[in-house]
Amino acid sequence: MGDPVQVVVADAQVLCRVGLCHVLDETEGMSIVGQADTTEELIKVVQREKVDVVVVDYNQPNHFDSGIARKIKEISPDT
């Protein structure tokens with residue numbers, strides 16, 4: 001099997017974020033490389049880590065918005 005899929009989970013609700021991270025981390029072929037509860041944290045993780053996939057709840061006022069995908073693609077085109 002190849003390298004695991006590097007995943008970041010971004011959600012302002014801590015219980016949802018931690019629960020999803022736990023499920024994904026227990027999934028074969030997945031590796032959680034970061035978590036974020038704000039746009040600023042998410043951008044830092046994407047800049048710092050090799051990220052294949054970002055799972056984000058983008059409809060959270062004052063946390064994430066629909067433009068976050070564009071920002072991530074600018075920083076990390078392969079994500």
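**Notebook: fold and helix H2**

I started with burial: 34% of the 79 residues of the protein count as buried (under 20% relative accessible area with a 1.4 Å probe, protein chains only; exposed is over 50%). Note to self: this is a predicted model, where local features need pLDDT of at least 70, side-chain atom pairs count only at pLDDT 80 or more, and totals for chains, interfaces and linings use all residues. Residues are numbered from 1 along each chain as its sequence is written, and side-chain values use heavy atoms, with hydrogens and water left out.

Next I looked up the fold. I found three helices and three strands (DSSP runs: H or I of at least four residues, E of at least two). From the N terminus the order is β-α-β-α-β-α.

Then I checked contacts (heavy atoms within 4.5 Å). Of those with a separation of 6 or more, 65% join residues 24 or more positions apart.

For overall dimensions, I noted that the C-alpha atoms fill a box of roughly 40 × 30 × 15 Å along the principal axes.

I spent the rest of the page on H2, residues 39-48. Which of its residues are buried? I got Thr39, Leu42, Ile43, Val45 and Val46. They line one face of the helix, because seen down the axis of H2 they fall within an arc of 160° (taken from the directions from the helix axis to the C-beta atoms). On the other side of H2, I have Glu40, Lys44, Gln47 and Arg48 as exposed.

What covers the buried residues of H2? The cover includes strands E1 (5-10), E2 (30-36) and E3 (53-56), plus helix H3 (68-75).
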